[in-house]
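Good morning, and thank you for joining the group meeting. I would like to walk through a few local features of the structure that is about to appear on the screen.

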Amino acid sequence: MTNLSAVEGMIFNVQHYCIHDGPGIRTTVFMKGCPLRCLWCQNPESHSMCHQIFFTAEKCAGCGKCIPACPIGAIHIQDGKAVTNRNLCQSCGVCTTVCLHEARNMMGTRVSAGEVFNKIEQDKIFYEESGGGATLSGGEPLFQSEFAASVLSLCKKAGIHTALETSGYARWDILQLVLPYVDLLLFDLKHMDPSEHQKCTGVSNELIKDNVIRIYHQQKKPVIIRIPVIPGYNDSLENIEATAEFVACKLGASVPVNLLPFHRLGESKNERMGVQGLLFNSIPPSEQHLKELKEIFVSHGLTVQIGG
Amino acid sequence: MNERVKKLKQRLYVHKYPLCIEKFRLITKSLEKTEGDPEILRRAKTLANVLDNITVFIEDDELIVGNVASKPMGLEIDHDYGTWSQEEIDALKEEGYTISPEDEEELKTLNHYYKGKSLVSRMGEILFDNERLWPFVQSGMVLPPWKSKGEGSGGGYAQGGMGLGPGLYLMGIDFAKILNDGLYKIIEEAEEELQRVKYIDADSVKKTYFLKSVLITHKAIIRFADRFADLAAEMEQRETNAVRKQELERIAETCRRVPAKPARTFYEAMQSFWFIFLMITPSPTAAAGRFDQYMYPFYKKDIAEGRATDEDVLELLECLRIKDMQLNRVSGKLNRQKNSGMAKWHNWTIGGVTTEGEDATNELSYLILEAAKDCPTPHHTITVRVHEKTSDDFMLKALEVVKAGVGMPAFIGDKSYINFFVNNGVDLRDARDYIVTGCLDANLPGKSRTASIAMFIVPLVLEITFHNGVEPRSGRQIGLKTGALEDFQTFDDLLEAFKSQLAYFMELNAERDNIELIANQELLPDPVRSSFMVDAIKEGKALLDRTMPFENGAVMNPVGMINVADSLAAIKKLVFEEKTVTMKQLQEALSANWSGEEFEEIRKMCLEAPKYGNDDDYADLIAGDLYKFWAETTATFATALGGKHLPTAISITAHGPGGEMTGATPDGRYAGEVLADGTMSPMRGMDSGGPTAIIKSAVKIDQDPYQATLLNMKFHPSALESREDLLKLSSLIKTYFKFSGKHIQFNIVDRATLLDAQAHPEKHRDLVVRVAGYSAYFIQLGRAVQEEIIGRAEHDLQGVAN
Ligand code: SF4
Ligand code: SF4
């Protein structure tokens with residue numbers, strides 16, 4: 001038997017006191033790597049499995065200390081700010097250690113499941129009082145299935161409630177590795193139409209739909225459906241109607257639905273990573289519109305809330 | 001808010017606050033006439049002279065009457081706390097206060113009368129030529145620094161309230177007894193006792209003076225209420241509006257009855273309460289105690305008998321909030337820095353357990369919260385006692401008020417608060433009846449009082465340890481010689497040296513406290529508050545002349561302890577473990593205030609060292625050890641009132657001026673920068689794990705020995721949107737208290753709002769924030785405090801969905 005604690009993976013954050021990622025007070029582990037490329041992605045740092053340099057221009061004092069530190073000369077100063085040649089940069093991280101202004105940070109840490117579990121366990125007293133636990137998020141946690149399974153299994157052994165936040169885009173045998181240790185799934189449904197789904201996320205949705213039905217009916221796992229509401233992309237009344245119909249008929253009226261309104265956090269993140277964002281243009285939905293969408297779910301007998 | 005409350009509230013926003021001298025004048029006259037009388041009798045007569053002659057008025061729409069100063073929204077110059085220099089008066093005029101030219105002139109004469117008779121000069125008699133104590137009080141280690149012999153420390157006060165000093169006592173009187181028995185009962189008891197005194201010792205003579213002074217003051221209080229009854233009756237005659245006519249009639253009847261006789265209705269109880277509250281102010285720390293408990297029987301009876309509805313009660317509770325807002329206060333410049341924003345801590349304690357250990361929450365507890373939400377004034381403040389059985393509903397109600405953004409209520413944990421008393425030998429039933437006085441300190445109503453609360457700036461001691469007992473900026477040897485830096489071979493050597501210095505200065509603090517206590521005892525005996533303490537008439541002694549059932553006369557209060565803990569953690573790691581920096585280099589970097597490339601790098605290393613507030617044992621255990629040392633050391637010093645010093649840990653806003661005096665510290669802090677706020681809160685920006693990590697760190701500190709501790713958290717509104725969010729926050733609070741945390745309070749404001757308020761104060765006159773145990777209008781705070789509130793770790797919730 002493998003030593004669960006030793007299994008390694010890439011994460012980019014462990015966030016404590018999360019109150020919108022499942023029941024109670026939770027600790028959410030953000031894992032790197034994702035097979036989807038949603039146009040509206042709020043966590044672009046999750047896409048790649050590699051380390052990345054995160055540069056916050058507002059903090060950079062233009063002191064130039066990082067220039068000689070870089071072993072391959074990937075940095076120069078332009079208009080008083082450090083500029084990194086991302087084609088050269090090896091993400092070795094040396095420059096982050098010399099910057100006195102916290103302008104350069106490394107995104108992504110290689111950690112063992114045991115280390116992640118220790119961080120989760122730190123907040124055990126809060127899970128007990130609030131009915132919370134751990135949530136794996138990302139990125140797509142199933143992208144690192146063995147690691148995810150190890151972390152979750154350690155949690156289960158310690159009596160900690162587990163949730164998995166997933167796009168559901170994974171082969172069934174991968175899901176089967178992880179599901180036994182999951183108490184609750186926060187399952188994204190981004191679009192009902194396969195070709196629109198393909199356009200918005202880079203992949204089709206057949207597998208996703210099959211998976212959620214199997215998880216819910218066959219594996220009898222509790223599921224919460226989460227729908228990002230992205231004006232201009234998936235918020236048409238037809239699509240929302242189709243989504244509500246799918247949840248109500250294919251899953252069941254007792255499956256809770258969360259509507260997650262779009263916001264703009266992701267934009268500056270792309271900039272900080274020196275990554276060209278995908279062509280995308282949307283604005284946060286109005287309250288009125290959200291209410292309208294909410295009504296559609298209600299008319300299908302579903303319980304729906306705005307926000308996670 | 002109904003129309004009445006709206007109108008009353010609107011009148012609180014005045015352009016200028018009048019400074020008044022009527023009370024000062026009346027006091028002076030009386031003091032001249034009573035020269036030579038025993039001090040306590042003199043003060044009783046003085047109070048009577050004020051109550052019999054000061055201007056009284058009833059404002060339109062008022063239901064609860066009793067003006068706090070001779071002019072609406074006025075502040076009376078307080079004669080008890082030093083004199084107002086021209087410079088101070090001028091400064092006040094610039095800051096939005098007015099004084100008429102005649103009054104300003106007269107004030108100079110009045111001032112003259114008090115030369116050399118203040119508390120400050122009384123303390124000075126001992127301090128000035130004491131070789132240990134004078135440099136100590138000058139150093140500012142106990143705030144504020146006492147700059148020169150003439151000046152004293154901080155200047156005078158002007159404030160609302162009809163009673164006499166002393167001001168900053170932390171105590172609660174027995175309101176239940178007053179409301180239920182009335183003052184006549186106490187007068188009767190005092191008269192009987194007076195006849196029983198046998199003159200066999202010094203105490204019996206003193207007892208006579210005490211009892212006589214109680215008779216004088218209590219009769220005067222009744223006459224004072226009668227003046228309002230007369231006035232209301234007179235106004236009623238002239239009033240043409242039928243509704244108001246009826247109200248005035250009721251006011252007249254009520255003031256004729258209370259506080260002389262027992263209150264029969266909720267309305268009478270409220271009016272009685274307010275008259276008595278006026279007598280225990282001016283005091284920024286006058287506490288209402290367990291208001292929801294002793295007022296409940298009146299409420300219940302009124303409701304049962306159909307005399308009042310919840311709306312009526314709510315209106316009165318809101319009127320009381322307005323009344324409390326009229327009790328303004330301003331102090332000398334130096335104290336203004338220490339306690340910004342018209343600081344006062346008129347604390348109403350609600351919830352908690354009964355003396356039998358059951359949940360004490362009742363309908364009135366909810367209404368008191370509703371009044372704060374509906375009529376969001378910064379005062380009075382509310383503290384919610386939380387215990388295992390506190391219902392979700394009540395927590396939700398309290399959190400809704402927090403969410404409304406008035407920075408209240410504060411939450412405190414019954415478990416640790418009760419442990420504090422029980423561990424100090426108090427009977428469990430008494431302990432369960434504790435109340436919050438001042439910011440967060442616990443007291444037993446009628447059974448204990450804290451009269452000396454020094455703010456001790458701990459990082460200054462670390463600095464002095466670095467300089468072998470020398471105060472670096474003055475060059476004076478004010479501490480012990482604990483060894484040069486090179487002598488410290490191990491971390492423990494350094495820690496040992498620091499602790500010896502600390503214990504040495506703490507003892508000086510304790511001595512200073514005793515001098516203050518006795519000066520207060522001799523100069524400011526207070527028959528009124530004394531008479532409302534347990535067995536007061538039988539004991540026949542003033543507050544500070546007796547040893548109370550629970551004796552906590554002086555508490556010692558460490559400010560900036562977290563900066564020292566973080567500093568020591570950095571030193572331990574960098575100097576003694578990793579050996580990447582030497583003590584000498586570190587000291588040079590501190591002296592240079594981190595400027596210079598080499599020193600900036602050292603600062604970076606210091607910043608990256610473990611910090612308290614991240615659930616990392618490395619720094620947390622050091623913090624725990626320091627707080628333990630402080631608590632144990634404090635308890636070794638006797639007080640002049642017959643007990644021992646007790647530890648408390650609230651910093652109010654002392655971390656601001658305390659930080660200003662302190663040079664760079666090894667936690668990476670620059671010279672002059674504010675210290676960590678609260679006492680359980682991490683240094684600003686040094687926590688990265690969020691609220692749960694802070695709480696995990698805080699519960700590693702044994703808080704039970706402390707009379708109070710303080711943990712501030714600022715939440716973004718997004719953390720409190722839904723009912724579920726509030727329940728989660730509630731469980732966070734309960735978890736903290738389950739593990740013996742004492743206190744937590746939240747500021748719910750987003751950054752943008754605060755920044756906008758700085759830029760456009762006129763648009764945000766209503767914006768209330770929590771400063772430290774008290775709430776204040778944001779725009780009235782000094783710039784530095786504003787910046788700090790903006791900068792306080794904001795636990796915005798990330799972890800957004802994809
Ligand atoms: S990134 Fe940091 S080290 Fe580089 S120039 Fe900017 S401030 Fe200096
Ligand atoms: S991460 Fe390494 S290669 Fe990339 S810029 Fe920094 S020092 Fe250069």
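**A covered strand and some backbone exceptions**

Let me begin with one pair of residues: Cys18(A) stands opposite Arg26(A), a residue of strand E2(A). Please keep in mind that this is a predicted model.

The two strands behind that pair are E1, residues 8-18 of chain A, and E2(A); they run antiparallel to each other and are joined over five bridges. E2(A) also pairs with strand E8 of chain A, residues 133-137, in this case in the parallel sense and again over five bridges. Within that second pairing, Val29(A) has Leu136(A) of E8(A) as its bridge partner.

How many residues of strand E2 of chain A are buried? Six of the six, across residues 26-31, so the strand is mostly covered, buried meaning under 20% relative accessible area. In a regular strand, side chains alternate between the two faces of the sheet. For E2(A), one side carries Arg26(A), Thr28(A) and Phe30(A), the other carries Thr27(A), Val29(A) and Met31(A), and both faces are covered.

I turn now to the backbone. Most residues other than glycine have a negative phi, and most peptide bonds are trans. Ser91(A), which is not a glycine, nevertheless has a positive phi of about 55°. Ser91(A) sits in the loop that runs between strand E5 (81-84) and helix H2 (94-98) of chain A.

In chain B, Trp594(B) likewise is not a glycine and has a positive phi, of about 70°. The loop between helix H26 (583-591) and helix H27 (597-608) of chain B holds Trp594(B). Is Trp594(B) buried or exposed? Trp594(B) counts as buried because its relative accessible area is 1%.

Chain B also contains cis peptide bonds. One leads from Val258(B) to Pro259(B), with omega near 5°, and Pro259(B) belongs to the loop between helix H11 (242-257) and helix H12 (266-280). Another joins His379(B) and His380(B), where omega is about -5°. His380(B) lies in the loop between helix H17 (363-374) and strand E8 (381-386) of chain B.

Finally, the surface. Which residues form the negative surface patch with Asp487(B)? They are Glu486(B), Asp492(B), Asp493(B) and Glu496(B). Asp487(B) itself is found in the loop between helix H21 (458-466) and helix H22 (491-523) of chain B. Its relative accessibility is 49%, and Asp487(B) therefore counts as partly exposed.

How values were computed: Residues are numbered from 1 along each chain as its sequence is written. Chains are lettered from A and ligands numbered from 1 in the order in which they are written. This is a predicted model: local features need pLDDT of at least 70, side-chain atom pairs count only at pLDDT 80 or more; totals for chains, interfaces and linings use all residues. Side-chain values use heavy atoms; hydrogens and water are left out. Patches are made of residues with over 30% relative accessible area and no salt bridge: like charges are joined within 9 Å, nonpolar side chains (Val, Leu, Ile, Met, Phe, Trp, Tyr) within 5 Å. Accessible areas come from the Shrake-Rupley method with a 1.4 Å probe; for residues, only the protein chains shown count as cover. A salt bridge is a side-chain nitrogen of Lys or Arg within 4 Å of a carboxyl oxygen of Asp or Glu. Lys and Arg count as positive and Asp and Glu as negative; His and the chain ends are not counted. The place of a charge is taken as NZ of Lys, CZ of Arg, CG of Asp or CD of Glu. Helices (H or I, at least four residues) and strands (E, at least two) are DSSP runs, numbered from the N terminus. Buried means under 20% relative accessible area, exposed over 50%, partly exposed in between (1.4 Å probe, protein chains only). Two strands pair if DSSP finds at least two bridges between them.
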